[in-house]
Structures are given as structure tokens and as C-alpha cells.
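Thanks for coming. I will go through one model this morning, starting with a pocket and then moving to single residues and charged pairs.

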Amino acid sequence: MRENSGTLGARRRGGSDTAPRPPETAGLRADVDAAMVETNRTLRRFLSERRAQALAVAPAYAVLWEAVADQVGGKLVRPRLTVASYLGFGGTDVSAVASVAAAQELLHTAMLVHDDVLDADEIRRGAPNITGTYRARLAADGVVGAAAEHQLLGAGLLGGDLALSAAFELLASSSASPAIVVEAVRALARTVATTVAGELLDVEGELLSPFAVDPLLVAELKTAMYSFCGPLQVGALLAHAPASASVHLDRFGSSIGVAFQLVDDELGVFGAPAATGKSVLSDLRAGKRTELLRLTYLLADDEGRAVLARHVGDPDLDHDGADEVRRVMLRCGARDRVRSLAAGAARSARQTATEHLPPPLADYLSTFVDELGERNH
């Protein structure tokens, strides 16, 4: 068992501790940072072991594991939320939560890989994703056309499947009590099922009028569940938090998930690709049914809707055409409405945290909400 470096550690040491204590939020943040070292080590060790085992099966299998491992990284937001929830509700066994937290990152990887397949994207975080990597390798071997596309589909689907199965395996390896691990596995399965529902509605929306879709429901199901609600709830579960905690964490996660998706959708049209790693053309080319696009159709005048009809959904849309669409979004007020919705969802998340969660965790999550707001600028 690790001795926490921050507030939780100081609390266990009791009244004999005469050194000045850091503010509780800073203490929890320090504890989370320390626990993330173990979480990241667990994640990397698992991926390294699986690559080695795969090589004994077949070189191609090891290549796929390598491609999956290359997609793991970034800010590790979801594992951090699991760890913060666990420590915030009094958990102290970092070794027990590390594998559960690491599993959240592999679930995230699986969802991204499959999402990229559905969206036919080959770039993620500014670099080739699994299908992008395979396309380059196949092209070097002279494999192009339909034969290459079939291989790419297989690599994307199977790579996502590997990451998904790895998430369950890592979670099940936790040293927490068997009863808690079983409940955590059930929770992860429910998270996957809910995310699939959101993904299905998102894909189906491509065939529907912008007025017939509910992007906020999709955001709750597809983004909020696996990115925020699930990671926070499983951390609380491991810490034996009271049952009411699940309700409040679900409410916080849903609100911040919607805010996150609204900001993400705006960055997908107005962001700086060098900073976000996201294309500002792909959503418009695909006619992606975001809340920003729905509101634009709703608020635009006839001239604006003519611009939308000309450019949205055009697979060959260029930057000049995208600029025209952006001007419509600004002129009709859709962008401002989306920002207002995101700010309202963020306020709701912060209020839920402040009123219903333990102060150190509430402060930690409120800071997280503030950082999300800064992502908007």
C-alpha cells in the first residue's frame, strides 16, 4: 500500500504532523499525480507484455498490438478521474485502483479506434491512427484499392476489439475484493453498452434532417458515459463510497460530458488544428449532426441555409467553403448559443460537485471544469 503524499496521507498521519498542511485540493492533486505514476506504469507494462506474447503467436498479431499501443496516450483524463474519485472518497490502496484506472484508458482507446473506422478518419492527435498506419504500410508493399480497404477495415475493427478486451482484462486483474471487481466489470459492460447506443444514434443521424436529431442526447450517451460517468463511478465503487455518490457523480459526469462535447464540436469547426490535432473540415464534409450545426440550420436565414445546402456534406469542401459556413454560424448566433449551452452545462457540473461531493474531490473536479472552459479559447 502506498502512503499518499498529500492531504490524504497527512490525514492518516494524525495530529502529530506539525508541518504545514497544503490546501486539501492541492493535497488530492498531489495524491492523484503520485497514483498516476503507478497507473501509467501498469498500463505500459500490460501493453509491453501483450506485444511480447503476441509475437509468439504471429508477427502480424504483434504488429496490431503495437498499433494499438501507439494510440494510447494523451492526458490520461479518464484514469485521472477514476483515481481522483477513489482517493476523494477515502481509498488508499493505489495498487488496487491502478489497473482499474488504466482500463479506462484502454476503453477510451477502443472507442476512438472504432469511431475512426465509422468516420473513415485516418488521423488522430495529429498523427496516423491504426488505419492510417496500416494504409502507409500496405502502400509501401504495393497493396492499394479494394484489397487495401478490406485490410484497413479489418485492422481498425480488430484493433478496437483488442483494446476493448484488454480493458476488461486489466480491470479484472485488480487486487480489490472479488465482489467489488465483479461489480466493476458489470459497470464497465454497462458503460460500453450505453456508449454503443450513443454511437448508433450518431451514425443514424447522418441519414436524418438536422432537425430530427438530438445531439445533446448523443453527447450524454456516447461521450459523457465512458469519458466521465463511468471512470468516476468505478473509482467511487472501489472506495466503498455511499450509494448516493453514484447518483451525484452520474449527474456531474453527464453535465461535464455535454459541455465537453459542445466545446469539442466547436473546435471541430473553429479550432486551430495545430493546437487541437483536429481537422476543421471533416465534420463539415461529413455533415456531422452536432448541436452547432443543428442550431445553425434552425437560426440561419434563407441566404444562410443556401450556403449550408451548398457546402455542408460536400466531401470535397475546401477552406473557402468552410469559411462561408463559419460566417453563417457566427452571423445567425449559433456559435454563441453553443457556447452558452456549454457554459450552462459546466455550471451545472460545478454546482453538483460543490453541493454533493466531498470538498477535496469537489474542488478537484471544479478545477477540471475550469480547465475545460479554458480549452474553449
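The second largest pocket has a volume of about 310 Å³. A pocket here is found on a 1 Å grid over the protein atoms alone, as an open set of points where a 1.4 Å probe fits, with protein on both sides within 12 Å along at least five of seven lines; a lining residue has an atom within 4 Å of a point. Grid points are joined across faces, edges and corners, and the volume is the space filled by probe spheres set on the points.

Before the details, the conditions. This is a predicted model, in which local features need pLDDT of at least 70 and side-chain atom pairs count only at pLDDT 80 or more, while totals for chains, interfaces and linings use all residues. Residues are numbered from 1 along each chain as its sequence is written, and side-chain values use heavy atoms, with hydrogens and water left out.

Back to the pocket. Its lining consists of 21 residues, and those nearest the centre are A187, Q233, V234, L237 and S246. Three helices, α8 (178-204), α9 (215-238) and α10 (243-270), each give at least two residues to that lining. Helix α8 has the largest share, seven residues. Helices are DSSP runs of H or I with at least four residues, strands are runs of E with at least two, and both are numbered from the N terminus. By class, 13 lining residues are nonpolar, six polar and two charged. For that count, Ala, Val, Leu, Ile, Met, Phe, Trp, Tyr, Cys and Pro are nonpolar, Asp, Glu, Lys and Arg are charged, and the others, Gly among them, are polar.

Next, L238, which is in helix α9. Is L238 buried or exposed? L238 is buried, because its relative accessibility is 8%; the cut-offs are under 20% relative accessible area for buried, over 50% for exposed, and partly exposed in between, with a 1.4 Å probe and protein chains only. Not counting residues up to four places away in sequence, L238 touches Y86, A96, V97, V100, S174, A176, I180 and A184. Contact means heavy atoms within 4.5 Å. One of these partners, A176, is 62 residues from L238 along the chain, with 7.2 Å between the C-alpha atoms.

N129 sits in the loop between β2 (127-128) and α6 (130-140). N129 is buried as well, at a relative accessible area of 3%. A polar atom of its side chain lies 2.9 Å from the backbone nitrogen of G132. Beyond four places in sequence, N129 is in contact with Q71, D116, D121, E122, I123 and R124.

The helix after that loop has its own buried set: I130, T131, G132, Y134 and L138 in α6. What covers them includes α3 (59-70), α5 (94-119), β2 and α7 (145-172). Following α6 comes G142, with a positive phi near 85 degrees.

Now the charged pairs. How many salt bridges does a search of the whole structure find? It finds 20, where a salt bridge is a side-chain nitrogen of Lys or Arg within 4 Å of a carboxyl oxygen of Asp or Glu.

Two of the contacts of N129, D116 and R124, form one of these, with the closest N and O atoms 2.5 Å apart. D116 is buried at 4% relative accessibility, whereas R124, at 23%, is partly exposed.

The side chains of K222 and D202 also meet in a salt bridge, at 2.7 Å from N to O. K222 lies in helix α9 and D202 in helix α8, so this pair ties together parts that are 20 residues apart in sequence. Both K222 and D202 are buried. They belong to a network of salt bridges that links D115, E199, D202, K222 and K288.

A third pair is R294 with E291, at 2.9 Å between the closest N and O atoms. Both are in helix α13 (residues 291-299), three residues apart, about one turn of the helix. R294 is partly exposed at 21% relative accessibility, and E291 is buried at 4%.

Last, K278, in the loop between α11 (273-276) and α12 (282-286). Its relative accessible area is 24%, so K278 counts as partly exposed. Leaving aside neighbours within four places in sequence, K278 is in contact with D264, L267, G268 and P273.

Conventions:
Polar contact = N/O pair within 3.5 Å; in protein donor to acceptor, adjacent residues only side chain to side chain.
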